[in-house]
Amino acid sequence: MRVLVTGGAGFIGANFVHQTVAERPDAEVTVLDALTYAGNKSSLDSIADRITFVHGDITDAVLVDELVGAADVVVHFAAESHNDNSLADPWPFVQTNIVGTFTLLQAVRKHDVRYHHISTDEVYGDLELGDPDRFTESTAYNPSSPYSSTKASSDMLVRAWTRSFGVRATLSNCSNNYGPYQHVEKFIPRQITNVLAGLRPKLYGDGLNVRDWIHVDDHNSAVWAIIDGGRIGQTYLIGADGEVNNRTVMESILQILGRGADEFDFVTDRPGHDVRYAIDSSLLRKELGWSPRYEDFRSGLEATIDWYRDNEQWWRPQKDATEQAYVAAGEKKTS
């Protein structure tokens, strides 16, 4: 199988490439990545001789057409994905998430190539604390940020191209990922690397916002289950029943690293901060027989902390610039 992975030098994409190389030795993997700030080619160093890497943009129609024409399946991870950045400058999110997806869809339509689209639970908006409901495949879209609205737009393009043009596509919307190779601007790696670097961790607002956490390896095993056995045109929600509020995550990180659970600072909340996400992945589990390896969030978090502790050479070059960017953006301590 010839697999084209867009965004394969980013967090989830890089882990997908590592997993594919390890578990599917007959797969020929090509990575297409623009290497923006969130893409890091060094994430693929250990398998560089087993993949083909192409530095390019998914909005480049000529390049995309060439690469898609040589593939059996396209797995589309490439996205602008940071909410804070989307609030500061929405345009790159429109360009990558909408125009880039359109470009890929036109190519897979032309060459009749199997396509899997990676999306997020944030397209559904948020849920109230204490609400027993969870997102399902039939939940109405209600995005609240430029990031989530452009991902919702890309999902709609995929659905339309599948219905109107017969594109052989599946979609997945996943809850919050954590694990190796995640950029230090993101919540969990930011707090881990703050502690490892001797800095005070930072927590938005009151820290009661709830996320449904899933280890990146579990996400990617679900993606392969969908590629192998999913129904064309179907959306599958991927989650590991990992609902935890941000304060509990923060306290767990500090405790695992041998620090006091209160050794962090509250900072001003970001605009439009969603309250709660929760995924119902029962369709995926029942139809395709998938289940997560890390059913306990704490065990996955411990493995992630071990990885960042052992791989400072990977995250350290990003760290100072990331923290300076937060200061420049006006992040302020509130208590």
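## Helix H2: two sides

Val62 and Glu66 sit exposed on one side of helix H2. That's how it looks in this model, which is a predicted one. What about the rest of the helix, which covers residues 61-69? Which of its residues are buried? Leu63, Val64, Leu67 and Val68 are. Looking down the H2 axis, these buried residues fall within an arc of 125 degrees, so they line one face of the helix. The spacing fits a familiar rule: an α-helix has 3.6 residues a turn, so residues three or four places apart point the same way.

And what does that buried face pack against? Four strands and a helix: E1 (2-6), E2 (28-33), E3 (51-55) and E4 (73-76), plus helix H4 (91-111).

## Helices H6 and H8

Further along the chain there's a helix pair to look at. Packed helices are usually summed up by the angle between their axes and the distance between the axes. For H6 (residues 187-196) and H8 (residues 246-256), the angle is about 35 degrees and the axes are 10 Å apart. The crossing of H6 past H8 is right-handed.

On the H6 side, the contact is made by Phe187, Ile188, Gln191, Ile192 and Val195. They meet Asn246, Val249, Met250, Ile253 and Leu254 of H8. Sort these contact residues by type and you get 8 nonpolar, 2 polar and no charged.

## The annotated span

UniProt, in an unreviewed entry, lists residues 4-295 as "domain: NAD(P)-binding". In the model, that span is 38% helix and 17% strand, and its end C-alpha atoms lie 29 Å apart.

Definitions and conventions
Residues are numbered from 1 along each chain as its sequence is written. This is a predicted model: local features need pLDDT of at least 70, side-chain atom pairs count only at pLDDT 80 or more; totals for chains, interfaces and linings use all residues. Side-chain values use heavy atoms; hydrogens and water are left out. Buried means under 20% relative accessible area, exposed over 50%, partly exposed in between (1.4 Å probe, protein chains only). The arc is that of the directions from the helix axis to the C-beta atoms. Contact means heavy atoms within 4.5 Å. Axes are lines fitted to C-alpha atoms, for helices over the stretch in contact, and angles run from 0 to 180 degrees between N-to-C directions. A crossing is left-handed if the near helix is turned anticlockwise from the far one by less than a right angle, and right-handed if clockwise. Ala, Val, Leu, Ile, Met, Phe, Trp, Tyr, Cys and Pro count as nonpolar, Asp, Glu, Lys and Arg as charged, and the others, Gly among them, as polar. UniProt positions are given in the numbering used here, feature names are shortened, and annotations may be inferred rather than shown by experiment.
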